[in-house]
Amino acid sequence: MNDSTSDTPSGDRIAKTLSRAGIASRREAERMIEAGRVSVNGKVIDSPALNVTEADRIVVDGKPVGAAEPARLWLYHKPRGLVTTDNDEKGRETIYDSLPADMPRVMSIGRLDLNSEGLLLLTNDGGVKRRLELPSTGWLRRYRVRVNGRPTDEELEPLRKGIVAEGQPFQPMEVVLDRQKGANAWLTVGLREGKNREIRRAMEVIGMTVNRLIRVSYGPFQIGELAQGAVEEIRRKVLRDQLGPEADDLLGAAPAAPTEVKRGFKRRVPHKGEFGGPGQPGLPRARNDDEDNYVPHGKPIKTFRPDKAARDAAKRSGSGGKAPSSSKFGTGGKVFTSGKPKPAGGPKGQRGR
């Protein structure tokens with residue numbers, strides 16, 4: 001019995017691998033291969049009919065292609081005046097010129113034309129891009145549309161039944177007339193196809209001109225209060241729930257959780273600087289050799305004048321009114337002992353005569 005699986009090449013098609021790595025969509029990757037921009041294991045290939053594995057070395061435009069990262073999805077509020085393309089042949093500014101510098105390489109899911117604004121989904125995975133762009137996904141895209149004129153429900157009815165514009169049939173749209181404001185009317189339009197300039201072209205058929213178009217939701221994802229030019233990533237769990245049964249195949253393995261480092265309690269020792277710095281006592285002043293000039297802690301001690309009784313006693317003793325010299329007195333009549341002197345002349349309460 002022959003083993004039918006022995007002839008099946010291992011790995012994935014090269015275009016799918018490039019798409020999963022965020023290089024380009026599958027169709028764009030096939031065009032890159034046909035242009036000779038891709039090499040595998042040092043050999044330039046010209047056909048996408050090739051399976052590759054993680055062991056193969058793939059190079060695109062001279063740059064090695066790394067392993068596919070986990071699929072991610074972002075909401076982006078596109079402003080007017082930006083082109084939804086990688087490179088514009090007219091040199092106009094693209095959405096990729098305005099994205100944050102730390103964003104990985106991403107692709108837009110669907111497009112918004114130059115004069116349209118609102119919600120644009122971005123992904124780093126070509127498989128997710130292809131899955132969400134398919135009409136079979138069934139996700140409703142809702143727009144706020146301002147038209148010039150005074151449309152009635154009767155005039156909008158052809159859009160609800162399906163219309164043909166420039167020979168191209170459009171599927172039925174959900175159209176609600178919200179309000180009339182001056183010469184303009186605001187509509188809410190929902191569609192599931194998203195062909196090139198579909199709403200603008202359909203409105204022209206019924207005689208209406210669109211002067212503002214804002215996408216407010218794409219399937220379950222809504223623009224909410226996201227500011228113009230801002231980007232917000234969708235959590236993996238939310239994305240997985242919305243993708244349904246194909247989520248595991250599209251998203252790939254979940255990113256590894258960061259290693260948790262547990263550290264023991266460490267007592268914090270306050271730093272007070274060198275001795276004499278903040279929080280430390282000041283350096284004591286060195287003692288002077290001259291005891292009479294010594295001033296402890298930088299503050300002079302108050303001197304006192306002997307009371308009248310002591311001065312009178314000094315006069316009678318013939319000292320010329322100066323207090324008698326003693327071990328308690330230093331030169332110049334300054335004292336360096338604490339406390340007041342005892343009254344001169346005899347027992348307590350008696351004055352000298």
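In which helix is R26 found? In this predicted model, R26 sits in helix 2, and that makes a handy place to start. R26 is one of four arginines, along with R27, R31 and R130, that gather on the surface in a patch of positive charge. Helix 2, which runs over residues 26-34, gives the most to this patch, putting in three residues. As for how open R26 is, its relative accessibility comes to 31%, so R26 counts as partly exposed.

Next comes the inside of the structure. Nonpolar side chains tend to be buried together in soluble globular proteins. Here, the largest nonpolar core takes in 31 residues. The residues with the most contacts inside this core are L122, V145, V147, L159, V189, I199 and M203. Quite a few elements chip in with at least two residues each: on the strand side there are strand 7 (73-78), strand 9 (117-123), strand 10 (141-148), strand 11 (163-165), strand 14 (184-191) and strand 15 (209-218), while helix 5 (153-161) and helix 6 (198-205) do their share too. Strand 14 gives the most to this core, with four residues.

Then there are the charged pairs. Side chains of opposite charge can pair when their charged atoms come close. The structure holds 14 salt bridges. One of them joins the side chains of R212 and E117, with 3.0 Å from N to O. R212 belongs to strand 15 and E117 to strand 9, so this pair ties together parts that are 95 residues apart in sequence. Both of those strands also turn up among the elements that supply at least two residues of the core. The two partners are covered to unlike degrees: R212 counts as partly exposed because its relative accessibility is 26%, whereas E117 counts as buried because its value is 3%, and the cut-off for buried is under 20%.

Other salt bridges stay within a single helix. In helix 7 (residues 236-243), D241 and K237 lie four residues apart, about one turn of the helix. Their closest N and O atoms are 3.4 Å apart in the salt bridge. K237 has a relative accessible area of 61%, so K237 is exposed. Helix 9 (residues 308-316) offers a pair with that kind of spacing: K308 and D312 are four residues apart, so about one helical turn separates them. The closest N and O atoms of K308 and D312 are 3.0 Å apart. With a relative accessibility of 54%, K308 counts as exposed, while D312, at a relative accessible area of 24%, is partly exposed. Beyond the pairs, D153, E157 and R160 are linked in a network of salt bridges.

Finally, the backbone has a couple of spots worth a look. What is the phi of N41? It is near 55°, a positive value in a residue other than glycine. N41 is found in the loop between strand 2 (38-40) and strand 3 (43-44), and its relative accessible area of 48% makes N41 partly exposed. E166, which is not a glycine either, has a positive phi near 55°. This residue lies in the loop between strand 11 and strand 12 (168-170). E166 has a relative accessible area of 68%, so E166 is exposed; the cut-off for exposed is over 50%.

Conventions:
Residues numbered from 1 in each chain as written. Predicted model: local features only at pLDDT ≥ 70, side-chain atom pairs only at ≥ 80, totals over all residues. Heavy atoms only, no water. Patch = residues over 30% accessible without salt bridge, like charges linked within 9 Å, V, L, I, M, F, W, Y side chains within 5 Å. Areas by Shrake-Rupley, 256 points an atom, 1.4 Å probe, with all protein chains shown as cover. Lys, Arg positive; Asp, Glu negative; His and termini not counted. Charge placed at Lys NZ, Arg CZ, Asp CG, Glu CD. Buried < 20%, exposed > 50% of the residue type's maximum accessible area, 1.4 Å probe, protein only. Core = buried A, V, L, I, M, F, W, Y, C linked by side-chain atoms within 4.5 Å.
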